[in-house]
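Take a moment with the sequence and the 3D view. Then follow the strands, the core and the cysteines in turn.

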Amino acid sequence: MSNASSIGAERLERRMARGVEFLGSEVAILCGAMSWVSERNLVAAISNAGGFGLIACGAMTPELLDAEIAGTKALTSKPFGVNLITMHPMLFELIAVCAKHEVTHVVLAGGLPPKGSLEAIKETGAKVICFAPALSLAKKLIRSGVDALVVEGMEAGGHIGPVSTSVLAQEILPEVAADVPVFVAGGIGRGEAISAYLDMGAAGVQLGTRFACATESIAHPNFKKAFFRASARDAVSSVQIDPRLPVIPVRALKNAGGELFTAKQREVAQLLDEGKVEMLEAQLQIEHYWAGALRRAVIDGDVEHGSLMAGQSVGMVTKEEPVADIIAQLMAEAAHALEKRAA
């Protein structure tokens, strides 16, 4: 290794030290929790390659999560975490499953943590990570006792907020990065971006889209080919049909599945009108729709009617490659960028 490249690598190691210590991994790169994609094979591969894998619990039952954690442990002895959806009707049972397996990190996604959930996780000895889509929420979550935050911008795939990653990072990092480790997510496809967020005070980053088509990902070949063909502008966000139905927008590749979701929203809104469902049930119906649509694309390979959830970094996903190669490339790019800044 040349002196210049070692300078970049050393600077990168220093900037990632806090995130590495928090996660217990070799590099402070989290894999975003992608339903059906972030399962035992990809999670274990990421952890084995030095990153930090996250099981996407999604709509799993406690029994399914139990089996998935056990299956992941059979493939890796490295640390990994579990991502739980806050509106899951069996959230506390899922937390108990994580405790049984001594999961070290639990990510709560999809809204503010319900009363008692943070305490239930922390009682198990696990660290709690939450998403902060605004500075006020970041401060509130820190006061409530979360151990780390993910700041995810609207360039990300799947459920998204309304603000871009670059703006959120500028708004939140200077205010709270000294208090808890903050991981930046959304639209990150290269190491240069990773180094920039680390320089701004991030403890690490989270990437999803970049890993979705890894060799170890069980995603259907059709799903992967759709990613390889796509450009950033093909990853569009869904539209909210009824303001009463608080549907979190979802970013996915344009296809007929997007139109099907619009029809599903109309159907659920009508059920609300007729008093046939309560609001929580209406939201769960929407969540279950997404879980099913995503499964059709990821597992069955129906890329026309299924949901091709992807971030705007999809244009940087051009081929299938092993997780270890992806992480190595990202780290090399980040180190090179830091080395240039040191010159």
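How many bridges join strand β6 to strand β8? Four do. This is a predicted model, so treat each feature as part of a prediction. In it, β6 covers residues 148-152 and β8 covers residues 182-185. The two strands run parallel. One facing pair is easy to find: Glu-152 stands opposite Ala-185 in β8.

Now widen the view. β6 and β8 belong to an open sheet of eight strands. Read across the sheet, the order is β1-β9-β8-β6-β5-β4-β3-β2. The pairing is parallel. At the edges stand β1 (29-31) and β2 (53-56). Each has a single partner strand, so one side of each is left without a neighbour in the sheet. On average, neighbouring strands of this sheet are turned by 25° against each other, direction ignored. What holds such strands side by side? Strands of a sheet pair through backbone hydrogen bonds, and they do so either parallel or antiparallel.

The antiparallel kind appears here too. A three-strand open sheet has the order β7-β11-β10, and its pairing is antiparallel. Its edge strands are β7 (158-159) and β10 (235-237), each pairing on one side only. Two bridges link β7 to β11, which spans residues 250-253. Look for His-159, which stands opposite Val-250 in β11.

Next, turn to the nonpolar residues. The largest nonpolar core has 109 residues. Which of them touch the most other members? They are Ile-29, Leu-65 and Leu-84. The core draws at least three residues from domain 1 (7-219 + 317-342) and at least three from domain 2 (231-300). Zoom in on Leu-65. Leaving aside neighbours within four places in sequence, Leu-65 is in contact with Ile-55, Cys-57, Met-60, Val-82, Leu-84, Leu-94, Val-97 and Cys-98.

Two cysteines sit in that list, among the contacts of Leu-65. Do not expect a bridge between cysteines, though: the structure holds zero disulfides. A disulfide is a covalent bond between the sulfur atoms of two cysteines. Counting one here takes sulfur atoms within 2.5 Å. Why does Cys-130 form no such bond? The closest cysteine sulfur, in Cys-98, is 13 Å away from its own, too far for a bond. Cys-213 tells a similar story: the closest cysteine sulfur is in Cys-31, 12 Å away, and that is too far for a bond. Are these two cysteines buried or exposed? Cys-130 is buried, with a relative accessible area of 2%. Cys-213 is buried as well, at 1%.

Conventions
Residues numbered from 1 in each chain as written. Predicted model: local features only at pLDDT ≥ 70, side-chain atom pairs only at ≥ 80, totals over all residues. Heavy atoms only, no water. Pairing = 2+ DSSP bridges. Axes fitted to C-alpha atoms, helices over the stretch in contact; angles between N-to-C directions. Core = buried A, V, L, I, M, F, W, Y, C linked by side-chain atoms within 4.5 Å. Buried < 20%, exposed > 50% of the residue type's maximum accessible area, 1.4 Å probe, protein only. Domains from an automatic or database assignment. Contact = heavy atoms within 4.5 Å.
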